[in-house]
Amino acid sequence: MRSADLADWIRHAAELVTADADRLSRLDADIGDGDHGHNLDRGFRAAVGALPGDDVPPGKVLIAAGRAIVSKTGGASGPLYGTALRRAGKALGDAEEVDAAALGAALRAALDGIQELGKAERGDKTMVDALGPAADAYDAALADGSGLAGCVRAAADAAAKGAEETVPMQARKGRASYLGARSVGHLDPGAASTALILGALADVTGE
Ligand code: ADP
Ligand code: MG
Ligand code: MG
């Protein structure tokens, strides 16, 4: 992947977030304060507006998007997604081209950044329950010899499955944790948006 491909991903993710903003906010209304989709919509629009030209390396594209998301997305998810993108961008360094191994390292760096900031473990009913399995599935596909598109498809599928698996969980982080046992039986909105955003990556990388 090159800079233009990563910019395409951010633009496509923004489109999907806009299209799904109401659904994501409804999920958040069930166990939070009902703003997740609209928080992310604002953040991804800002990220699209902040995309640099294709003459900068791919890592810098993600760093610019992450900065915009941190500054424009309200709520817990803004700093978390913004940090994820900035960490992923840093992991890519100054390389002009992102290969399958580099993208896997960036995905892992994004997960680590989210966990350092938010302190959520797997099973706490957050975006980590989508991104964690995604990073693992990516690495497993890479080890099996898949190319970048195959690894991304495996990651996106694992994120979707991981998001579904938040339904029976009780939230232990974020606003939903205030509900205690009443958070059980609902899809975590942040896990759902992570699945959407990785699905957008699979759309742009798929042959
Ligand atoms: P807020 O809860 O501040 O209104 P959002 O509604 O935008 O923020 O985002 C809520 C989502 O953020 C949750 O569904 C969850 O996935 C994620 N989240 C909240 N706290 C954490 C955390 N500490 N670590 C990881 N993810 C978190
Ligand atoms: Mg919210
Ligand atoms: Mg909020």
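**Burial, helices and ligand shell**

Trainee: How do you know that the end-to-end distance of α3 agrees with its number of residues?

Mentor: At 1.5 Å a residue, the 15 residues of α3 should span 21 Å. The expected span is 1.5 Å times one less than the number of residues. The end C-alpha atoms of α3 are 22 Å apart, which agrees with that value. Keep in mind that this is a predicted model.

Trainee: Which residues of α3 are buried, and what covers them?

Mentor: Pro58, Gly59, Val61, Leu62, Ile63, Ala64, Ala65, Gly66, Ala68 and Ile69 are buried in α3. Their cover includes α1, α2 and α4.

Trainee: How do you know what span α6 should have?

Mentor: The reasoning is again 1.5 Å a residue: the 16 residues of α6 should span 22 Å. The end C-alpha atoms of α6 are 22 Å apart, which agrees.

Trainee: Why is α6 called largely enclosed by the rest of the structure?

Mentor: Because 12 of its 16 residues are buried. Among them are Val128, Asp129, Leu131, Ala134, Tyr138 and Leu142. The elements covering the buried residues of α6 include α5, α7 and α8. Just after α6, Gly145 takes a positive phi of about 95°.

Trainee: Which residues have the most contacts inside the largest nonpolar core?

Mentor: That core has 68 residues, and those with the most contacts inside it are Ala65, Leu107, Leu131, Ala134, Tyr138, Ala155 and Ala159. The elements giving two or more residues to this core are α1 (3–31), α2 (36–49), α3 (58–72), α4 (77–92), α5 (100–118), α6 (128–143), α7 (148–164) and α8 (189–205). As general background, nonpolar side chains tend to be buried together in soluble globular proteins.

Trainee: What does Ala134 touch, apart from residues up to four places away in sequence?

Mentor: Ala134 touches Leu107, Ala155, Ala158, Ala159, Gly162 and Leu198.

Trainee: Why is Met127 called buried or exposed, whichever applies?

Mentor: A residue is buried if 20 or more other C-beta atoms lie within 10 Å of its own. Met127 has 32 C-beta neighbours inside 10 Å, so Met127 counts as buried. Met127 is placed in the loop between α5 and α6. Leaving out residues up to four places away in sequence, Met127 touches Leu80, Ile114, Gly190, Ala191 and Thr194.

Trainee: How do you know whether Lys119 is buried or exposed?

Mentor: The cut-off for exposed is 12 or fewer other C-beta atoms within 10 Å. Lys119 has 12, so Lys119 is exposed. Lys119 lies in the loop between α5 and α6, and its phi is near 60°, a positive value in a residue other than glycine.

Trainee: And Lys125, buried or exposed?

Mentor: Lys125 has 28 other C-beta atoms within 10 Å, so Lys125 is buried. Lys125 also lies in the loop between α5 and α6. Although not a glycine, Lys125 has a positive phi of about 70°.

Trainee: What makes His12 partly exposed?

Mentor: Partly exposed covers counts between the cut-offs of 12 and 20. His12, with 17 other C-beta atoms within 10 Å, is therefore partly exposed. His12 is found in helix α1. Apart from neighbours within four places in sequence, His12 is in contact with Ala200, Asp203 and Val204. The C-alpha atoms of His12 and Ala200 are separated by 6.0 Å, with the two residues 188 apart along the chain.

Trainee: Why is Leu117 called partly exposed?

Mentor: Leu117 has 15 other C-beta atoms within 10 Å, so Leu117 is partly exposed. Leu117 belongs to helix α5. Outside its neighbours within four places in sequence, Leu117 is in contact with Pro79, Leu80 and Thr83.

Trainee: How many residues surround ligand 1, and which element gives the most?

Mentor: Ligand 1 is surrounded by 24 residues, the closest being Gly75, Gly118, Thr126, Gly174 and Gly190. The elements that give two or more residues to this shell are α2, α4, α5 and α8. α8 gives the most, with 3 residues. By class, the shell has 8 nonpolar, 9 polar and 7 charged residues.

Trainee: Which residues does UniProt list for "domain: DhaL"?

Mentor: The UniProt entry, which is unreviewed, lists residues 4–203. Over residues 4–203 the chain is 70% helix and 0% strand, with end C-alpha atoms 14 Å apart.

Note on methods. Residues numbered from 1 in each chain as written. Chains lettered and ligands numbered in written order. Predicted model: local features only at pLDDT ≥ 70, side-chain atom pairs only at ≥ 80, totals over all residues. Core = buried A, V, L, I, M, F, W, Y, C linked by C-beta atoms within 7 Å. Helix = DSSP H or I, 4+ residues; strand = E, 2+ residues; numbered from the N terminus. Contact = placed C-beta atoms within 7 Å. Near = placed C-beta within 6 Å. Nonpolar A, V, L, I, M, F, W, Y, C, P; charged D, E, K, R; others polar. UniProt positions renumbered as here; feature names shortened; annotations may be inferred.
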